[in-house]
Every structure is written in structure tokens, then in C-alpha cells.
There are 2 protein chains.
Amino acid sequence: MLVGKINIKEKFSKFSEYWSPRIVAEMNEYQFKLVKIKGEFTWHDHKDTDEVFIIIEGFMSIEFRDGKVDLSEGEMVVVPRGVEHKPFAKDECKIMLIEPRGVVNTGDTGGKLTADSDVWV
Amino acid sequence: MLVGKINIKEKFSKFSEYWSPRIVAEMNEYQFKLVKIKGEFTWHDHKDTDEVFIIIEGFMSIEFRDGKVDLSEGEMVVVPRGVEHKPFAKDECKIMLIEPRGVVNTGDTGGKLTADSDVWV
């Protein structure tokens with residue numbers, strides 16, 4: 001059959017690395033990525049695109065230059081293009097990212113947390 | 001502060017109509033819509049875009065011309081552009097749709113289940 005389903009929790013069970021997005025689906029030129037996060041990420045922005053975070057399990061915060069958003073399971077946020085942000089999670093948090101194909105997790109900032117943007121799970 | 005969060009379950013508590021998508025967020029030219037469904041929808045397709053279903057609560061099926069996908073909480077599916085499909089839910093099911101701004105729920109099929117495509121909640 002042409003169309004298959006994706007089980008989000010089952011996909012999360014297939015990898016353990018933090019800050020390492022795994023693609024699970026594509027819709028037009030957009031990708032759905034799962035990420036496990038823990039600790040502090042780097043300040044960065046994405047100049048050309050908005051980015052959506054959906055919290056699947058756990059708690060995280062996103063720091064902005066003008067404040068902080070605390071997020072828990074079932075909450076989402078749209079980070080507008082060009083807006084600097086720094087994700088943080090005290091304990092492991094599982095999130096879904098939605099953004100155009102090819103977006104790099106650290107934007108133009110680079111650094112050791114920069115991950116391959118084209119890994120499927 | 002510039003960026004605010006969206007609580008998906010709280011948004012679902014604000015409306016009760018079935019098959020009536022409510023926009024909760026925009027990312028670039030794409031929209032995130034919440035829909036409560038129950039019963040049988042109409043056969044339709046979207047000629048110009050893929051469409052993503054994420055099951056937030058409950059059970060639903062999507063019938064395709066070549067088979068059927070059963071979906072439960074935490075599962076998702078990408079319906080490719082031009083692929084005819086017919087959603088169904090025996091009991092109320094809460095889903096999130098992701099698709100470009102302006103997509104009409106029944107595609108070109110029309111009929112009494114056609115909903116306004118620009119209602120926010």
C-alpha cells in the first residue's frame with residue numbers, strides 16, 4: 001500500500017543521541033524530525049525560516065533575548081525566522097521539530113552540537 | 001514577549017464541532033490545525049499538497065483506494081498530494097493537521113462537510 005503510518009514513540013526508541021535530529025516524515029518540502037535533548041544548546045537563529053517545536057515527552061525551556069518559554073508535553077511553539085533562541089532541558093526531553101528540508105540545528109552558529117541535517121530514523 | 005506557546009489540549013477544549021478545523025499556529029506559509037472528528041468523512045484529495053495527520057487523542061482510520069490505515073494516539077501519516085482518502089472515526093478523535101495555508105478540508109469534492117478554511121482558535 002502506498003501510505004504507511006509512523007509511530008512517534010517507537011521511532012524515539014531507535015536512537016539515543018542528544019541534539020541529533022532524526023527525520024521521520026516529509027510533507028512537500030518540509031520535514032518532521034524527532035530530537036532527544038538534555039542540557040543546554042547554543043544560541044542560534046534560522047534566518048530563512050520559522051521553526052516549530054512540539055513537546056512529545058518531558059519538559060524543556062526555550063530562552064529568547066526577551067524572555068523564556070517553559071514547555072511541557074502537548075505544548076508547541078513557533079520560533080519565527082531570525083529570532084535568536086537557546087533550548088534547554090534539565091532532564092531528557094523528547095521533541096518534534098517541523099521545518100523545511102535542509103535546516104541545520106545550530107543555524108549559522110556552528111559548534112560541536114551541529115548535527116547532520118539529513119539522518120532518517 | 002514575542003513568542004508565546006500553544007497548549008494543544010487547552011485549544012481543543014474551546015470548540016466542539018466535528019470536521020471543523022481550527023488553526024492554532026502558522027509556520028511560514030503552513031498552518032497547524034486542530035480537528036475533532038466523528039463518523040465518516042467524504043472521499044477527497046488535495047491536488048497541490050501533501051497533508052499530515054497527527055493523532056492527539058483517540059482512534060481513527062483513513063481509507064485509501066488501495067487499503068486502510070488505522071491510527072491511534074502518537075501516530076502520524078503523510079497523505080501524498082493527489083491521493084484520494086476518506087477519514088473515519090467511530091468515536092470522537094482529536095487530530096492535528098499540517099498543510100499549507102488555505103487548504104479546504106474536502107479538497108475539490110465539496111459537500112456539506114466543507115468547512116471554512118480560515119478559522120483560528
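Two strands pair if DSSP finds at least two bridges between them. Strands (E, at least two residues) and helices (H or I, at least four) are DSSP runs, numbered from the N terminus.

The structure is a predicted model, in which local features need pLDDT of at least 70 and side-chain atom pairs count only at pLDDT 80 or more, while totals for chains, interfaces and linings use all residues. Residues are numbered from 1 along each chain as its sequence is written, and chains are lettered from A and ligands numbered from 1 in the order in which they are written.

**Exercise 1. State the confidence scores of the model and of chain A.**

Solution. The model scores are ipTM 0.96 and pTM 0.97. For chain A, the mean pLDDT (the predictor's confidence in each residue, from 0 to 100) is 96, and 100% of the residues reach 70 or more.

**Exercise 2. Determine how β8(A) pairs with β3, β4 and β5 of chain A.**

Solution. Begin with β3 (residues 30-40), which runs antiparallel to β8 (residues 85-100) of chain A and is joined to it by 10 bridges. Within this pair, Phe32(A) faces Ile98(A). Next, β4 (residues 51-57) of chain A pairs with β8(A) over 5 bridges, again in the antiparallel sense; here Val52(A) has Ile98(A) as its bridge partner. Finally, β5 (residues 59-64) of chain A is antiparallel to β8(A), with 4 bridges, and Ser61(A) stands opposite Phe88(A).

**Exercise 3. Identify the residues with the most contacts inside the largest nonpolar core, and list the contacts of Met60(A).**

Solution. A nonpolar core is a set of buried Ala, Val, Leu, Ile, Met, Phe, Trp, Tyr and Cys residues joined through C-beta atoms within 7 Å. A residue is buried if 20 or more other C-beta atoms lie within 10 Å of its own, exposed if 12 or fewer, and partly exposed in between, with C-beta atoms placed from the backbone. The largest such core has 54 residues, and those with the most contacts inside it are Val52(A), Phe53(A), Met60(A), Ile95(A), Val52(B), Phe53(B) and Ile95(B). Two residues are in contact if their C-beta atoms, placed from the backbone, lie within 7 Å. Apart from neighbours within four places in sequence, Met60(A) contacts Ile37(A), Ile55(A), Leu71(A), Pro87(A), Phe88(A), Ala89(A), Cys93(A) and Ile95(A).

**Exercise 4. Describe the side of chain B that touches chain A, and relate the two copies.**

Solution. In the interface, 29 residues of chain B contact 29 residues of chain A. Elements giving two or more residues to this side of chain B include β1 (5-7), α1 (8-12) and β7 (75-79); the largest share, 5 residues, comes from β7(B). Strand β1 (residues 5-7) of chain A is joined to β7(B) by 3 bridges and runs antiparallel to it, with Ile6(A) opposite Met76(B). Turning to symmetry, a turn of 180° and a shift of 0.0 Å along the axis lay chain B on chain A with an RMSD of 0.0 Å (least squares on the C-alpha atoms of residues with pLDDT of at least 70 in both). The two copies are therefore related as by a two-fold rotation axis. Both use the same surface, since 100% of the contact residues of chain B recur in chain A.

**Exercise 5. Locate Trp19(A) and assign its exposure.**

Solution. Trp19(A) lies in the loop between α1 (8-12) and β2 (22-27) of chain A. Because it has 19 C-beta neighbours inside 10 Å, Trp19(A) counts as partly exposed. The phi of Trp19(A) is near 55°, a positive value in a residue other than glycine.
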